[in-house]
Amino acid sequence: MDADIVCVGFGPATAGFLTTLSRQLVNADGTPAVESAVLPGMPPQVLCYERADDTGFGVSGIVTRARALRASFPEIQTAGIPMAAPVGEEKVVYLLDPHGASRRSAALRCADGLIRTAKCVLPFEHQALTLPWTPSFLHKNGGMILSMGQFMQWAGAQVQSTGTVQIWPGTPVAQALVEDKKVVGVRLLDQGVDKKGNPADGFTPGMDIRAALTVVGDGPFGPVGRQLDEEFGLPNGNHIRDWAVGMKFVVDLPADTTLKPGTVLHTFGYPEPEIFGFLYVHPDRVASLGIFVPSWFDSPVRTAYRQLQHWMLHPYLWRHLQGGKLRSWGAKTLGESGRRGEPHLTGDGYARIGEGSGTTNVLTGSGVDEAWATGTQLAETVLELLKAKKPFTKQNLDETYVKRRRASWVETEGRIAEKSRNGFQKGVATGMIGMALAGLTNGKFSLGKEPVQPWKRISSLEEYYAGRIARGDIAKLREACKAKSVSLHGALMDQAGWAAIPFDGQLLVSHQDALLMGGKVQAPPGCADHVVFRHPELCEQCEARICIEACSGQAITPGENGVPAFDREKCVHCGACLWNCSQADPENPERMNIAFRAGTGGLHSAEN
Amino acid sequence: MSTAYQIVVCGSIVPDPLQTLEPIASPAGPALKNEMMLPAVLDPWAGHALYEAAALAKSQPGSKVWLVSLGPKAKLQQVMMTIAQKVPFELVALDGSASGFTDATDTAAALAEAIAAIPGLDKSKLLVFGGWESASRGAGATMQMVGERLGILDQFQGVDRLTVNVDGSLEILERIEGGKHQVSKCAGAPALLGWATGNLPEPKNNPQVGMVNMRSVMPALQKARPVKFAGDGLAFASVALPKQLRETQVVKDKLPDDIAKEIVEWIKQ
C-alpha cells in the first residue's frame, strides 16, 4: 500500500509532528494545501501506526515545563485535559533509611549521621530532609502536571478530528523497508503466527506501506529505531548505554489528604540511594507516584515493583498515602543517554524524532516537551519541503529539520545535560555533585567518566550481597526459587533485612494483583513472542538472570535448562529486559542477549 | 441465488472491559466514575454482529454494511481507530450517551430514526444486526424495539448462525434455554437479528480496509447528529456492582477438569 508519509509510533513526538502537520495540509476552503503524490488531487496521505491497543496506553504521568506543548496549544491550561494541573509547590527531598536495610556507602552513612545529629536545625521530618534550595534547572514552575495517557488521548482526538491524518493503534510496525540505503516505508507485523513467528491459523503477512517519508518516533526501545541504529550505526562518539525503568502507580489519595493539586515532589536516597522517586498530585485527590531504577544501579536484583512498595512505605510518604487506593499501574523504560545517544537524525527517506532520537534531558528530568518540540520541528520542515516539491533526501532533511533542531533550545539544553550524569558511574554522591556542577556551569564542567555498557555493571549476586548474605545461603535460595519457578529478588530482599510488605488489598497489593487491578495486560492471539533470547546458550551459563528479577510484569520466569521463559500475555512492554541482561551479544557488545522486537498488546490503562 | 443485502449494524461503545468500573451518582442519574477518561471499545456483542455482517456482505456480492453508532463523538472517533481496519463499513454516527443507564426505549428510537434516514435504503433488502445484549446493558430489549419501530416483523435474538439458503430464505440458529439452539427459517429480508457470539474470530487488521473506511468515517463523525435523552419516567432505585471476592492464581497448562474441580472446591468453601 502506498502513502505519502508513514509514522512509526504515536508518542509525544509523533503527536507533536501530526498536530502541526495536520493543521496545514488543507486550506480553509477545503482544498489541499499540498498535493498527495500517491492520490493526486488529495492532500498527502499520512498514516501513523502505533503498537499499543489505544492512543493513551503505555505512557506515563509527568511534570513538564510545557514550553513546546504550549506553543502548539496556547490554551492548554484551560483545554479541559483530564487530570491536568498547573505546577504548584515543588520540593526535592532526601529520604533517609529508617530501617537500615538499604545498601549505603560509607560517605552516605556519614552524611545520614550528620543530618540526624543536626535535625533540630534542618528541615527534617519523618526521616527525610527537604532540600532548602534547589537549582533552577530542576524547577518546573509555570509548567503542568499531566497524565500522559489522558493527554495523548486528547491530543490524538485533536489530530484525528482534522480528518487529514490517520492513527491506527494496535498495529505494530515490524521493520523499516530499506533499499539501497534508503528507507522506503515500513512493514507491519505478521498476524496469525505462532510464538516463534511461523505461519499458523489465519496467517496474514505484514503489509508493506511504502512512503516517501518514514517518521520514526517509536521511543527508546522501538524496533524500527534500533533497526536503523544497527543499519546505519551511530554518529562517532555517540552511544546508548544509560537507561532507567520508571514504575508508577496512579492512586486515589485518602479523603483527608493535605496534598494540593499541582504538588511536585522528587525524592532520592531510599529505598536504595540510586533510586529516585516522584509524586505528582492531579486534581480530585489523584496522584501519580513512582520510582526510577537506573542502569547504573549495580544491583543484580533490580526489581522495581517491590522497591516501589518500600518507597511508598517510607514514613515521609506513607503519611500521605496510607488509606489510598490503587487505580492504575504501569512501567516504562526511559532512554537516559540523551544527546549522547543521538542517532543519525535523518537519512534518505526517513527522519527520527523524540526520545529514540536522543531528546531526553537527564539534567532537568524532562523528556515529553523535548520530544514534542522535535516533532513540531520536523512537521514544519516537511511542510516546507512539500510546498517546495523537494524530495525527502538526507540532504534536504539535514538542511531543514536538523538545522532547525540544532538551533533550538532542545539542542542547547541537551548539550548542557550531555555529561551531567557521568558522576553516577562512580557513585551516588559523585553523581549528585556532578549534576549540580554541570547544571550550574551550563555543562562546562562535569564529574565522572563515560558510561560503560549496562551489562558490564551487573555484578554477581554473591558480589552484591557480600557481607550481607552468605554464598551458601544464596545458593540455597537460588535452588528453592528455581524449584518454585519464581524470581529470586523477594527471597533475597527478605534475607537482606527488608521487611515483608503489609498487603492491604487496596494500595499495597501483590505484583500479580497489580497486573489484574489497574492497567491490566492483554496480548492478542496470533502474534510472535517479541522478547527473544538471542543466544540461549549464554542464558544457560548465566548466573545473574537479572532479566527475571527486573521484569516489570513477571513475564520472564525461570525456564528449562536455565533459559528464561517468556509469557507474552503478561508483558507490559516496559522494555526493561532489553538492558537488564548481564550477557553481551557476541556479535555486538553494545547490545545484550535479549532482543525486544515488535509486538502487540500491553497495558490497558489510559490514566498512566 | 445471490441477494444483495443492505445490512445495518447497530453498535456502540462500552468502557474497555479491562478497566475497573465504579458506579457513582451524578446530577443526571447513575454513571460510571471517570467514564469519559476510560478507554472505550466497540461493544463486544455488537462487534460479533459487525463481523458477521461483513462476512455475509462478502459472500453476497453487491451487499453493503452500515454501522449505526450512538455514543459521545470523541469516544466514537477513538474507537473507530481500532475497528475501522477490521471490516469495510460506512459509519452513521449519533452524538449522544452510550451509557448503560439510558432508557433502552430512547436509544432504540434514536437508532431507528437514524436507520430510516439512511439514503437509498431498500427495506426489501434490509437486515438489521446488533448485539443481542450489550456489555453495558443486559436488558436485551433495545434491538427488539428498533425492529418494532422499523416495522420489521421477523426478529431473532441470541443468534449464533445465519445461513442464506439457495432460494434466498434465511435459516437462523437461535439460542434458547437449556443450552440448546432453535432453528428458524424466514423468507428473507427484512429481518432483525440480535447476535449472540456468532462463530467468527475477530478479523485481522487490514490497512487497506482502514484507509478506505476512514474516508467516510471522519465526515460521518463531523456531521454526527446530537441526540439528547429526556430520561422521563426512568428512575433507578439503586446501582451497585456485584460483590466479588477475588483470589488470584496464574496457572498455565492445567487440565480443564482439574480447574473445574478446584473452582467447585473454592465455591464450597
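**View 1. Domains 1 and 2 of chain A in a predicted model, with C-alpha centres that lie 33 Å apart.** The bounds, which come from an automatic or database domain assignment, give domain 1 of chain A as 2–79 + 148–239 + 340–416 and domain 2 as 85–144 + 241–335. Across their shared boundary, 19 residues of domain 1 of chain A are in contact with 20 residues of domain 2 of chain A, where contact is counted if the C-beta atoms of two residues, placed from the backbone, lie within 7 Å. On the domain 1 side there are five nonpolar, 12 polar and two charged residues; Ala, Val, Leu, Ile, Met, Phe, Trp, Tyr, Cys and Pro count as nonpolar, Asp, Glu, Lys and Arg as charged, and the others, Gly among them, as polar. This is a predicted model, in which local features need pLDDT of at least 70 and side-chain atom pairs count only at pLDDT 80 or more, while totals for chains, interfaces and linings use all residues. Residues are numbered from 1 along each chain as its sequence is written, and chains are lettered from A and ligands numbered from 1 in the order in which they are written.

**View 2. The contact between chain B and chain A, with 24 residues from chain B and 34 residues from chain A.** On the side of chain B that touches chain A, the elements giving two or more residues are α2 (73–83) and α5 (207–222) of chain B, helices being DSSP runs of H or I with at least four residues, numbered from the N terminus. The most comes from α5(B), with seven residues. By class, this side of chain B has 12 nonpolar, 10 polar and two charged residues.
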